[in-house]
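Subject: Structure for your review

Hello,

Here is the structure I said I would pass on. My notes on it follow below.

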Amino acid sequence: MPNRIVVGLQWGDEGKGKIVDFLSQKADIVARYQGGANAGHTVYVNGEKFVLHLIPSGILHPKKICLIGSGVVLEPEELKREIEMLAARGVKVEGRLKISAGAHIVLPFHRELDLWEEARRGEKIGTTGRGIGPAYSEKYARRGIRAVDLLSPEKLSRKVNDILSCRNHAGQLSKIDPIGLVQQLRSYEKFISPYLVDGSRFLNEAIKKRKSVLFEGAQGSLLDVDFGTYPYATPSHTIAGGALTGTGVGPKAIDEVIGVMKAYTTRVGNGPFPTELTGLEGELLRKTGEEFGATTGRPRRTGWLDLVILKHACRINGTDKLAIMKLDVLDNFPEIEICVAYEYKGKKTDELPLDLCELSECKPVYKTYTGWKSSTRGITRFAKLPPNARKYLATIEKTLGVPISLISTGPEREATIVKR
Ligand code: IMP
């Protein structure tokens with residue numbers, strides 16, 4: 001059974017939740033490798049909507065084991081809420097959820113710091129406000145609190161004092177009582193400790209026994225801290241490489257990388273977006289695609305498909321196959337544009353500027369396609385797609401040089417075309 005990475009190829013919200021849910025059917029373990037409760041994975045099962053922020057969407061399949069890897073930043077209150085929400089809806093996580101001991105904890109004041117950082121910035125990033133940036137900065141400053149530290153009062157106390165003295169010294173926090181904070185963190189021990197494992201050992205042993213692992217990415221490649229539109233990025237490694245560093249598995253264990261992309265483009269938060277549509281067409285995409293953030297409810301920015309950024313995304317992930325999402329959202333457009341190149345500094349180019357922030361200076365060069373003006377909603381066979389929709393898909397496949405494996409024609413599990 002293959003070990004696969006599912007990764008977003010745009011700015012997040014591509015519909016990875018649905019693909020992970022779909023591919024989970026054939027996996028034994030689903031492992032989340034980065035990000036935190038900034039993500040929002042929406043999955044429909046038997047008409048019921050589930051939104052998960054931390055727990056991999058594989059949990060909705062009764063027998064799958066789910067791992068939250070060391071690369072994830074974990075907010076205990078959010079985790080608790082999610083476990084309770086699932087239990088209330090008949091999904092038991094006991095014995096099926098595992099948390100890597102090395103996952104870092106998002107502290108209660110990290111949300112406050114996230115807002116503080118945003119207010120301080122001239123040009124805001126438009127973060128989700130979930131404390132993700134401060135949690136990762138604690139980690140990389142090597143003073144972060146990891147899940148395993150919740151088991152040790154002395155270590156917790158030392159680390160809390162270190163973090164608070166550092167943050168207070170910089171004048172970043174309103175007064176926080178270290179004893180109260182240690183007590184609060186200690187209160188999570190009982191709830192979190194049954195889930196703790198050596199995540200890397202667990203996965204490697206499972207792979208040796210020929211179990212199949214699905215690595216679930218959050219956000220998208222263009223939000224990657226190294227290869228995205230920095231600083232308008234999330235502070236983690238969203239790309240396929242992040243699956244290795246975020247779980248402690250070697251590259252040879254990976255059989256396939258599935259890149260997930262929408263049939264158009266969206267982005268939440270600030271930063272460059274060359275194909276953004278700010279008028280009526282953009283509004284129509286937003287309305288038809290229900291493009292509102294699953295975590296923050298913010299309206300998503302919308303635009304035409306951009307093959308230039310997708311080429312970059314396919315390359316940095318070593319993408320083997322594509323999953324195209326929300327094709328049906330384009331059903332009613334008489335004409336559909338695809339960005340095939342940019343006009344940048346007076347020249348036409350199909351490569352990205354060295355500084356991805358200069359994407360804001362790139363003007364899209366479009367190729368116009370005639371729309372199919374008929375419903376593709378719920379279609380499950382490729383041959384049943386209207387010819388113009390197949391033409392649109394063929395352009396994507398040919399330009400990116402990556403075969404299309406799955407096409408989604410609606411939010412339900414069943415509304416999926418398996419092409420190869
Ligand atoms: P942060 O991850 O909350 O620090 O936000 C950094 C940037 O990533 C902002 O532009 C957010 O809107 C964006 N972002 C974070 N998580 C998601 C997501 O799950 N989907 C789409 N955008 C996201």
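E118 lies in helix α3, which covers residues 110–120. The model is predicted, and the values here are computed from it.

With a relative accessible area of 8%, E118 falls under the 20% cut-off and therefore counts as buried. The side chain of E118 reaches the backbone nitrogen of I125 at a distance of 3.0 Å. Leaving aside residues up to four places away in sequence, E118 touches K124, I125, G126 and T127. I125 thus appears both in that list of contacts and as the residue whose backbone nitrogen the E118 side chain reaches.

On the protein as a whole:

- Secondary structure: the protein contains twelve helices and 20 strands.
- Overall dimensions: along the principal axes, the C-alpha atoms fill a box of roughly 65 × 50 × 40 Å. The radius of gyration is 21 Å, which agrees with the value near 22 Å for a compact globule, given 420 residues.
- Burial: of the 420 residues, 58% are buried, and E118 is one of the buried residues.
- Contacts: among contacts with a separation of 6 or more, 75% are between residues 24 or more positions apart.
- Surface: about 17,600 Å² is exposed, and carbon and sulfur atoms supply 52% of that area.
- Charge: there are 62 positive and 49 negative side chains, and the centres of these two sets lie 5 Å apart.

Regards

Note on methods. Residues are numbered from 1 along each chain as its sequence is written. This is a predicted model: local features need pLDDT of at least 70, side-chain atom pairs count only at pLDDT 80 or more; totals for chains, interfaces and linings use all residues. Side-chain values use heavy atoms; hydrogens and water are left out. Helices (H or I, at least four residues) and strands (E, at least two) are DSSP runs, numbered from the N terminus. Buried means under 20% relative accessible area, exposed over 50%, partly exposed in between (1.4 Å probe, protein chains only). A polar contact is a pair of N or O atoms within 3.5 Å; within protein, one must be able to donate a hydrogen and the other to accept it, and residues adjacent in sequence count only if both atoms are side-chain atoms. Contact means heavy atoms within 4.5 Å. The radius of gyration is taken over C-alpha atoms; the globule rule is 2.2 Å times the number of residues to the power 0.38. Accessible areas come from the Shrake-Rupley method with a 1.4 Å probe; for residues, only the protein chains shown count as cover. Lys and Arg count as positive and Asp and Glu as negative; His and the chain ends are not counted. The place of a charge is taken as NZ of Lys, CZ of Arg, CG of Asp or CD of Glu.
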